[in-house]
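I opened this notebook to keep track of what I looked up, entry by entry, for someone meeting the structure anew. I begin with charged pairs and go on to the pocket, the aromatic rings, the cores and a few single residues.

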Amino acid sequence: MKFCHLPHSSAGWETVSSETHFKNAHLAVVTESVRTPHRPESHPWTVVRRKAAVVIAPITAEGKMVLILEERIPIRAAIWGVPAGQIDNDDAPIEAVALRELREETGYELGPDGDLLPLGHFFMSPGLTDEHGYLFLARGVWAAPGGHAHEGAEAIIDCREFPLPEVARMIAQNEIRDANTLGICAKLMAGELLNFHG
């Protein structure tokens, strides 16, 4: 499996040893002994290596956010969240991957006056995994002819447009509780790109 290059400086970090315990097309579990800038003695840590991902906040011309309801086997629940997906090819433009995932998972695409705004990246669970997501705001999306194109492994059971105050309520009431959606909404609020309170 080819992993994406981590978007950080590795100055002062030295991998002394690395042992792979498990590997498939989606992830690898490794134990690494690492010296850090503040710990000269190497320290072992078990890490889950994963491909990078894209995370998209789709907003319609009317200012509503498009969310999907997806079954998630690890937590035995269906939860609302923004569309997201792994980057399978390091050479593919990240923006193209984001637009593909938007179309596949929601059936929406950029309208004639729409645009895709990159918002940086975040680490999903940095104590466990190097997985990171590139955040995008897709403004001016609309339902595409032909609808979604879900992959076989996905269990997306609903897709709806929500007013932003309703999204804020869902976050506050713990109805939205995945890191991707919480992370991108925090970025949008902090950057004053969207008004979640009407």
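**Entry 1: a charged pair late in the chain.** I looked up arginine 160 first, and I noted that it counts as partly exposed, at 43% relative accessibility. I keep in mind throughout that this model is predicted. The partner I found for arginine 160 is aspartate 158, and the closest N and O atoms of this salt bridge are 2.8 Å apart. Aspartate 158 is also partly exposed, with a relative accessible area of 23%.

**Entry 2: a network of salt bridges.** I then asked which residues are joined into one network by salt bridges that share partners. I found Glu32, Arg49 and Asp130 in that network. For the pair of glutamate 32 and arginine 49, I noted 2.7 Å between the closest N and O atoms of the salt bridge. This pair links distant parts of the chain, since glutamate 32 belongs to strand β2 and arginine 49 to strand β3 (residues 39–50), 17 residues apart. When I checked burial, I found both glutamate 32 and arginine 49 buried.

**Entry 3: a bridge between two strands.** I counted the salt bridges as well, and the count comes to 13. One of them joins the side chains of arginine 35 and glutamate 14, with 3.1 Å from N to O. Arginine 35 lies in strand β2 (residues 27–36) and glutamate 14 in strand β1 (residues 14–23), so this pair ties together parts that are 21 residues apart in sequence. I recorded arginine 35 as partly exposed, with a relative accessible area of 31%, and glutamate 14 as partly exposed too, with 41%.

**Entry 4: the largest pocket.** How many residues line the largest pocket, and which of them lie nearest its centre? I found a lining of 35 residues, of which Arg50, Glu70, Arg72, Glu131 and Asn180 lie nearest the centre. The volume of this pocket is about 1,400 Å³. I sorted the lining by residue type and obtained 14 nonpolar, 8 polar and 13 charged residues. Looking at where the lining comes from, I noted that at least two residues each are supplied by β5 (64–72), β6 (77–81), β7 (84–86), α1 (94–106) and α3 (179–190).

**Entry 5: aromatic rings.** I searched for aromatic pairs and the count came to 1. Tryptophan 80 and phenylalanine 162 form this pair, which is edge-to-face, with 5.0 Å from centre to centre and 80° between the planes. The two residues stand 82 residues apart and link distant parts of the chain, tryptophan 80 being in strand β6 and phenylalanine 162 in strand β10 (residues 156–163). I found both tryptophan 80 and phenylalanine 162 buried.

**Entry 6: nonpolar cores.** I reminded myself that in soluble globular proteins, nonpolar side chains tend to be buried together. Here the largest nonpolar core has 26 residues, and the ones with the most contacts inside it are Met65, Leu67, Leu188 and Phe196. Two or more residues of this core are given by each of β4 (53–60), β5, β8 (108–123), β9 (132–143), α2 (164–172) and α3. I also noted a second, separate core of 14 residues, which includes Ala52, Val54, Ile56 and Phe136.

**Entry 7: two positions in strands.** Is leucine 69 buried or exposed? Leucine 69, which lies in strand β5, counts as buried, at 15% relative accessibility. I checked its separation from aspartate 115, and the C-alpha atoms of these two, 46 residues apart along the chain, are separated by 24 Å. Serine 42, found in strand β3, counts as partly exposed at 31% relative accessibility. From C-alpha to C-alpha, serine 42 and serine 17 are 9.2 Å apart in space and 25 residues apart in sequence.

**Entry 8: backbone angles.** Most residues other than glycine have a negative phi, and I looked for departures from that. Asparagine 174 has a positive phi of about 65°; its place is in the loop between α2 and α3, and at 49% relative accessibility it counts as partly exposed. Glutamate 192 likewise has a positive phi, of about 55°, and is found in the segment after α3. With a relative accessible area of 71%, glutamate 192 is exposed.

Note on methods
Residues are numbered from 1 along each chain as its sequence is written. This is a predicted model: local features need pLDDT of at least 70, side-chain atom pairs count only at pLDDT 80 or more; totals for chains, interfaces and linings use all residues. Side-chain values use heavy atoms; hydrogens and water are left out. A salt bridge is a side-chain nitrogen of Lys or Arg within 4 Å of a carboxyl oxygen of Asp or Glu. Helices (H or I, at least four residues) and strands (E, at least two) are DSSP runs, numbered from the N terminus. Buried means under 20% relative accessible area, exposed over 50%, partly exposed in between (1.4 Å probe, protein chains only). On a 1 Å grid over the protein atoms alone, a cavity is a set of points where a 1.4 Å probe fits but cannot get out, and a pocket is an open set with protein on both sides within 12 Å along at least five of seven lines; lining residues have an atom within 4 Å of a point. Grid points are joined across faces, edges and corners, and a volume is the space filled by probe spheres set on the points. Ala, Val, Leu, Ile, Met, Phe, Trp, Tyr, Cys and Pro count as nonpolar, Asp, Glu, Lys and Arg as charged, and the others, Gly among them, as polar. Rings of Phe, Tyr and Trp (its six-membered ring) pair if their centres lie within 6.5 Å; planes under 30 degrees apart count as stacked, over 60 as edge-to-face and the rest as tilted. A nonpolar core is a set of buried Ala, Val, Leu, Ile, Met, Phe, Trp, Tyr and Cys residues joined through side-chain atoms within 4.5 Å.
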